[in-house]
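User: I'm new to this and would like a close look at one part: the contact between the protein chains. Could you walk me through it slowly?

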There are 2 protein chains.
Amino acid sequence: MNEDAQKLNALLDFDLLKKLVVGIGEVSEITGIPTRKIRYWEEKGAIQSETNIEGSTRRYNYLNVKKMLLIQEMIDEGFTLDAAIKKVEKRMVTLNDAFRRLADTVPDTEDKE
Amino acid sequence: MNEDAQKLNALLDFDLLKKLVVGIGEVSEITGIPTRKIRYWEEKGAIQSETNIEGSTRRYNYLNVKKMLLIQEMIDEGFTLDAAIKKVEKRMVTLNDAFRRLADTVPDTEDKE
DNA sequence: ATATCAATTGTAGTTTATTTACAATTATAA
DNA sequence: TTATAATTGTAAATAAACTACAATTGATAT
């Protein structure tokens, strides 16, 4: 069980993956959601970007982007933004959890050789 | 065997992951490698950024970043840049392969409902 | 020591990306 | 048609990244 995560981690480096945060322009290209809309959603509390330093630019991680895609899906299906947010939020719990579980897997041992 | 990848894909969405490309500043923060050095390495052919549109900014995907980290490791161990590149290139074959295998896993079926 | 080459770093001036803050538009339901 | 939700437009300012120069550092050979 944890062995699988171990193997996966060797292949994928979740520690690195967690840090892969992209700018708003990139997110827009990836998802097809206009930057203006992304900012609007953020105002509304639908998503929250990582902004380490104040007065800097927005950064989004994998899960942020995933969430946006899910919200857009819901909206396309006819839900209101608020409803979509609530629905997606529930789904995200699972994803966050699974992701955290994978990310927290301690790599075999840092010092090789 | 493919079932594992299937399950993993539901959790991770490699299709999305492939598209998560970060800017040079972000890479620098993540890896600790100065932006100037990253550009230099790119000149030397050690790495190649994705630059969709000409006259735009550099973008790096997960594997690019991973490669930089590996190269830096080699250099820290005393290898020359050229030697490091060759060594890492060999390792990357495996990673690229594994990654591609995961990424190419066809999601269950696009149209649900 | 010094010449040589690899590796890295510095930076000015310019281009590209993002932000904020204002307002306008479109869509939907009462 | 009025009210509210959702989205979009944009100008001016700030941040991030680019290029193209050159300088510096470090190791190795002469």
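Analyst: Here is a walk through that contact, with a few side trips to the surroundings.

A word of caution to start with: this is a predicted model. So how confident is the predictor about chain A? Its mean pLDDT is 88, and 88% of the residues in chain A reach 70 or more. The stretch to treat with care is residues 108-113 of chain A, where the pLDDT drops below 50. In the model, that stretch has 0 contacts beyond near neighbours in sequence. Where pLDDT is low, the predicted coordinates should not be read in detail. Among the elements of chain A, α4(A) has the highest mean pLDDT, 98, while α1(A) has the lowest, 74.

Now get a feel for one chain. Chain A has 6 helices and 0 strands, so its pattern along the sequence reads α-α-α-α-α-α. Out of 113 residues in chain A, 23% count as buried. If you look at contacts in chain A with a separation of 6 or more, 57% of them link residues 24 or more positions apart.

Okay, on to the contact itself. How many residues of chain B are in contact with chain A? There are 15, and they touch 15 residues of chain A. On the chain B side, the elements giving two or more residues are α2 (14-19), α3 (24-31) and α5 (62-76). Sort that side of chain B by class and you get 10 nonpolar residues, 4 charged ones and 1 polar one.

How are the two chains related? Turn chain B by 180°, shift it 0.0 Å along the axis, and it lands on chain A with an RMSD of 0.1 Å. That is the relation of a two-fold axis. The two copies use the same surface, too: 100% of the contact residues of chain B recur in chain A.

Which residue of chain B comes closest to the rotation axis? That's V22(B), whose C-alpha sits 2.5 Å away from the axis. Leaving out residues up to four places away in sequence, V22(B) touches L20(A), V21(A) and V22(A) in chain A, plus V27(B), R59(B) and Y60(B) in chain B. In other words, the list of partners for V22(B) has names from both chains.

V22(B) turns up again when you look at the largest nonpolar core. This core has 36 residues, and L20(A), V22(A), L20(B) and V22(B) touch the most other members. Helices α2 (14-19), α4, α5 (62-76) and α6 of chain A each give two or more residues to the core, and so do α2, α4, α5 and α6 of chain B.

Zoom in on helix α5 of chain B for a moment. L69(B) sits in this helix. Is L69(B) buried or partly exposed? A residue needs 20 or more other C-beta atoms within 10 Å to count as buried, and L69(B) has 18, so it is partly exposed. The C-alpha of L69(B) is 9.7 Å from that of V88(B), although the two are 19 residues apart along the chain.

Here's a small oddity that shows up in both copies. D13(A) lies in the loop between α1 (2-12) and α2 of chain A, and it has a positive phi of about 55° despite not being a glycine. D13(B), in the loop between α1 (2-12) and α2 of chain B, also has a positive phi of about 55° without being a glycine. D13(A) has 18 C-beta neighbours inside 10 Å, so it counts as partly exposed. D13(B) has 19 of them and counts as partly exposed as well.

Last stop: the DNA. Which residues come nearest to strand C? Of the 18 around it, they are G23(A), G25(A), T57(A), R58(A) and L81(B). Two or more residues come from each of α3 (24-31) of chain A and α4 (35-43) and α6 (81-103) of chain B. By class, the surface near DNA strand C has 7 polar, 6 charged and 5 nonpolar residues.

For DNA strand D, 18 residues surround it, and the closest are L81(A), G23(B), G25(B), T57(B) and R58(B). Here the elements with two or more residues are α4 (35-43) and α6 (81-103) of chain A along with α3 of chain B. The surface near DNA strand D divides into 7 polar, 6 charged and 5 nonpolar residues.

Methods:
Residues numbered from 1 in each chain as written. Chains lettered and ligands numbered in written order. Predicted model: local features only at pLDDT ≥ 70, side-chain atom pairs only at ≥ 80, totals over all residues. Contact = placed C-beta atoms within 7 Å. Helix = DSSP H or I, 4+ residues; strand = E, 2+ residues; numbered from the N terminus. Nonpolar A, V, L, I, M, F, W, Y, C, P; charged D, E, K, R; others polar. Near = placed C-beta within 6 Å. Buried ≥ 20, exposed ≤ 12 C-beta atoms within 10 Å, placed from the backbone. Core = buried A, V, L, I, M, F, W, Y, C linked by C-beta atoms within 7 Å. Least-squares fit on C-alpha atoms with pLDDT ≥ 70 in both. pLDDT = per-residue confidence, 0-100.
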